[in-house]
Amino acid sequence: MPKRTDIKSILLIGSGPIVIGQACEFDYSGTQACKALKEEGYRVILINSNPATIMTDPELADRTYVEPITVEVVEKVIERERPDALLPTMGGQTALNTTMGLVKKGTLEKYEVTLIGASAEAIHKAEDREAFKHAMQRIGLRVPASGTARTREEAIKILEQTGFPSIIRPSFTMGGTGGNIAYNRDEFEKLIDWALAMSPVSQVLIEESLIGWKEYELEVMRDLKDNVVIVCPIENLDPMGVHTGDSITVAPAMTLSDKEYQRMRDAAVRIMREIGVDTGGSNVQFGLDPQNGDMVVIEMNPRVSRSSALASKATGFPIAKIAAKLAVGYTLDEITNDITGVTKASFEPTIDYVVVKIPRFAFQKFRGAEPTLTTQMKSVGEVMAIGRTFKESLQKAIRSLELNMNGLSSREGLDRGIPDGLDRQAALERVRQSLRTPIAERLWHVADGIRLGLSNDDLFALTKIDPWFLEQIRELMHFESLLAGQANQKPVALEEPLLWEAKERGFSDDRIAQLVGVTSASVRKLRTKAGQSKRRVTYKRVDTCAAEFEAHTPYLYSTYGSECEARPTDRKKVMILGGGPNRIGQGIEFDYCCVHAAMALREEGIESIMVNCNPETVSTDYDTSDRLFFEPLTEEDVLNIVEREQPLGVVLQFGGQTPLKLALPLSKAGVRILGTSPEAIDRAEDRERFRDLLNKLGLRQAESGMARSVDEALRIAAQIRYPVIVRPSYVLGGRSMQIVYDESGLLEYMKSAVKASPKHPVLIDKYLSDAIEVDADAISDGTNVVVAGIMEHIEEAGVHSGDSACSLPPYSLDQNVVEDIRRQMKALALELGVIGLMNAQFAIKDHAIYVLEVNPRGSRTVPFVSKAIGVPLAKLAMKTMVGKSLPELGLMEAPTPAHLSVKESVFPFNKFPGVDVLLGPEMKSTGEVMGIDQDFGWAFAKSQAGAGAPLPRGGTAFISVKESDRPASLDVVRRLQRLGFIVQATSGTAAYLRNHEVNAETVHKVKEGRPHIVDHIKNGRVALVVNTV
């Protein structure tokens, strides 16, 4: 069928900020959809609140609205733009929920907007738990015994039928938000209340437990002619009971029989038809009883999903792009496969390799968070690896995680066998305990269980991980023992056949060296020498068809063998190192920079080579760069690619800390680093060298010192006076920066958080209380410096810059201070010899400017500043690195916008109930939104609405502030009262307010009797809290 001609303009709703359960995979899908629809000649209108996305770049859609994604705001966009159609399936759960809100309000009917990709009925059937259950029963498919409830009382009645353990699944949520497993009545009642609060429609499914069953996912596509393709079957290594986003997953499915697969495939097609997803992609999840093969349907997503991104990267089949084309009327047999250039989208992908995805967690950032993995997603990112075998792919994925683990390293010190004196029974009990409960490190405990002699039956009984996977890990452990046996030879020697067997099984040079007892450099030297023979590192192409047709798109992964498909060109080329897995502190902002670097190189006629291992990102789309290597970002893997491709240089400054850690080893290996030199980076990051730099320039820095012992820390802190900020160079227990107010607090910190030593000093800085923090971004060509943006933080100094809201331009700073910051930025960039981007942070106290830190690289604020001033900074920075000057690029001065832009951070506290929500110097946010307006107040209000915390317009405001903040609170309270708020305050604050002729009701603190302030908050009687501690 030809494309639809009755529609001319299409509205796309983005997914908003990055949160757990909804990450940058929707920037990938939204970007693909925008490109595909514009390619077909449609006018594309986009709304998204996330500035760190490629999809919100002005050149991507025809009209881009960086606005909060709410029903009210989207309705205004529809009223203004009058789109013919709305495509709701590219923006995750946010887009679906907003679309359903528009449907219920009658907005789409009022403005005659057609839903394409999925109808409202299909969305309701798939997302409403009760409707989905009935739909499955109509087509004869089994679902777990369950019932839906809207109150605690209804839930308890259903529990009588389903029993314990009880699976709790809220409706219309993402990443299983609010979901959990209850094992007793007390847990159930608490979890039900939480689940009902998390569901936007206050509906919860209570389901019988299938914990321990095997879990599978199918990525399915359907067109208007009822053609259906299964893009990829994905198997979860972890059994049911762990959210699929938190599970290790494998493609293709490894333990399904053909009969089981065909049964699952037929069921998926019937589900697509029954739900009514006429066009596009969907994800269907199944549970399989390992004892008898019984199959149940768990759920389906009538949209592209996290798994869609994984399946797209695993197969090379661009699900979002094809789904967008199907939505406008094309059929699968009319859409050409970009990779082969000859096959059609109706040709199901076939892969001749194995893909493994491993999630990345951040429990160390949230003290007190429950680390048990359940039906609610908790991971903050993921990595993907491709290998010829499961073993190779698994080991590549492990080292991609960047957790300082180069393989299945022992948690019990068993890497080279069982040491003398080990209490084997105690070690076994520790391992068994760790295996009984799903946790992030369970895979490593499985390996230790094997080392200690547990059988596959023992391990299966403890974990319910399929015996096939357990046997694969057992074979890796057996091979590790062979490598460790080499360490006993005198002299230590690594035989060449054993080396190649190790490499074919995915062992890194570092892991081999660790097991054999030699240096990784010697392993590399032996491998390079031995590689003159036929066996060596080679690269294979992802082609969607298991080599049946030639792949024209260079999308590559490494393996070991004799035949290499890399076929490097002789063009001028540059390699860009990506950011690896998303994590708190390093997210989509850095991928944005990497994508812009690739765009810049294309504009300059230089071949771009992207290296990354994150399946969620735009940078790992096969058409973003000229050549894509889906590889771990380690010294070994990067050097292997450099040797094969011979680029003129490597770019490190866009991918955050991940590539920067490789600066020194790559330089030592003779690799040319483009942009700012590693020497300049070291000068900014080494504390003593940085102090010398500031002294040379005559710039201020807060008093500081480096302590190599507890006594030295106490002496330095006493000398510079409390409060101080302490930060370790070596972290235990995941704790990092803290503000310490007295000697006892410092002693506690030194005892529990860090291990001070000459090699790992503790850094102690004077904490500048009540200071204003400022972020600044600049771009330099080595001679000219342009300060692109100066951002004033809304939170005071002491809150991590990534967690603080900020305003561009500054909303309260004196112009003289702004100009002085600009001067200091230019001086710092020139002294460091920056070529490319630089970020610096300052604190302003009593009109004095203190330099906090300087990062001669791209920072997380680059996308925000770029969108705020309308200049693609990362793209221009890349051009300076290949020789262009700023005057040549037409940038001599940053534009001064007529509007104000406010960035607000978004936090995952709803995933970790009970965790302290107070912000400090350690970053905790997962994403950000942007509010734009000509008025600061409105820009700030938009940022709050975009972050999911819209400001109340009335009600009761509760205020409780420390004594030193009370004078400043007077104006706040008066203004709240003028807006119509009723003000309540604790006794001390209330008395102060009344003494200054401001009325306030007194409310009890928790220790002062009932009802107290927490009672009022729980009863919904407080709309706004103003609190300082």
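Okay, let me start with a small detail: right after helix H18, Gly517 takes a positive phi of about 90°. Helices here are DSSP runs of H or I with at least four residues, strands are E runs of at least two, and both are numbered from the N terminus.

Before going on, a word on what we're looking at. This is a predicted model, where local features need pLDDT of at least 70 and side-chain atom pairs count only at pLDDT 80 or more, while totals for chains, interfaces and linings use all residues. Residues are numbered from 1 along each chain as its sequence is written, and side-chain values use heavy atoms, with hydrogens and water left out.

So, back to H18, residues 509–516. Six of its eight residues are buried, so the helix is largely enclosed by the rest of the structure. By buried I mean under 20% relative accessible area; exposed is over 50%, and partly exposed is in between, with a 1.4 Å probe and protein chains only. The buried ones are Asp509, Arg511, Ile512, Ala513, Leu515 and Val516. What covers them? The cover includes helix H14 (442–451), H16, helix H17 (496–504), helix H19 (520–530) and H21. Contact, by the way, means heavy atoms within 4.5 Å.

Helix H12, residues 390–400, is another one to look at. Eleven of its eleven residues are buried, so H12 is largely enclosed by the rest of the structure. That list has charged side chains in it, including Lys391, Glu392, Lys396 and Arg399. H12 is followed by Glu402, which has a positive phi, near 60°.

Let me zoom out to the whole chain. We have 34 helices and 38 strands. The radius of gyration is 29 Å, close to the 31 Å that the globule rule gives for 1029 residues, so the chain is as compact as a globular protein of that length. That radius is taken over C-alpha atoms, and the rule is 2.2 Å times the number of residues to the power 0.38. Along its principal axes, the C-alpha trace spans about 80 × 70 × 65 Å. Buried residues make up 62% of the 1029. Take the contacts between residues at least 6 apart in sequence: 69% of them join residues at least 24 apart. The accessible surface is about 38,800 Å², with 49% of that belonging to carbon and sulfur atoms; those areas come from the Shrake-Rupley method with a 1.4 Å probe, and for residues only the protein chains shown count as cover.

Next, salt bridges. A search of the whole structure finds 67 of them, each being a side-chain nitrogen of Lys or Arg within 4 Å of a carboxyl oxygen of Asp or Glu. I picked out a few.

Asp466 pairs with Lys214, and their closest N and O atoms are 3.1 Å apart. This pair links distant parts of the chain: Asp466 is in the loop between helix H15 (456–463) and helix H16 (467–486), Lys214 is in strand S10 (residues 214–222), and the two are 252 residues apart. Asp466 counts as buried at 13% relative accessibility, and Lys214 counts as buried at 14%.

Then there's Lys573 with Glu645, at 3.3 Å, N to O. Lys573 sits in strand S19 (residues 573–577) and Glu645 in helix H21 (residues 635–645), so the bridge ties together parts that are 72 residues apart in sequence. Buried or exposed? Lys573 is buried, with a relative accessible area of 3%, and Glu645 is buried too, at 2%.

My third pick is Glu604 and Lys884, which meet at 3.0 Å, N to O. Glu604 lies in the loop between helix H20 (588–603) and strand S20 (607–612), and Lys884 in the loop between helix H30 (873–881) and strand S33 (900–906), so parts 280 residues apart in sequence are tied together. Glu604 is partly exposed at 26%, and Lys884 is partly exposed at 28%. Both belong to a salt-bridge network with Glu59, Glu603, Lys875 and Lys879.

Last stop, the exposed side of things. Pro200 is in the loop between helix H8 (185–198) and strand S9 (204–208), and it counts as exposed at 53% relative accessibility. Leaving aside neighbours within four places in sequence, Pro200 touches Asn97, Ser171, Phe172 and Thr173. Trp938, in helix H31 (residues 936–946), is exposed at 54%.
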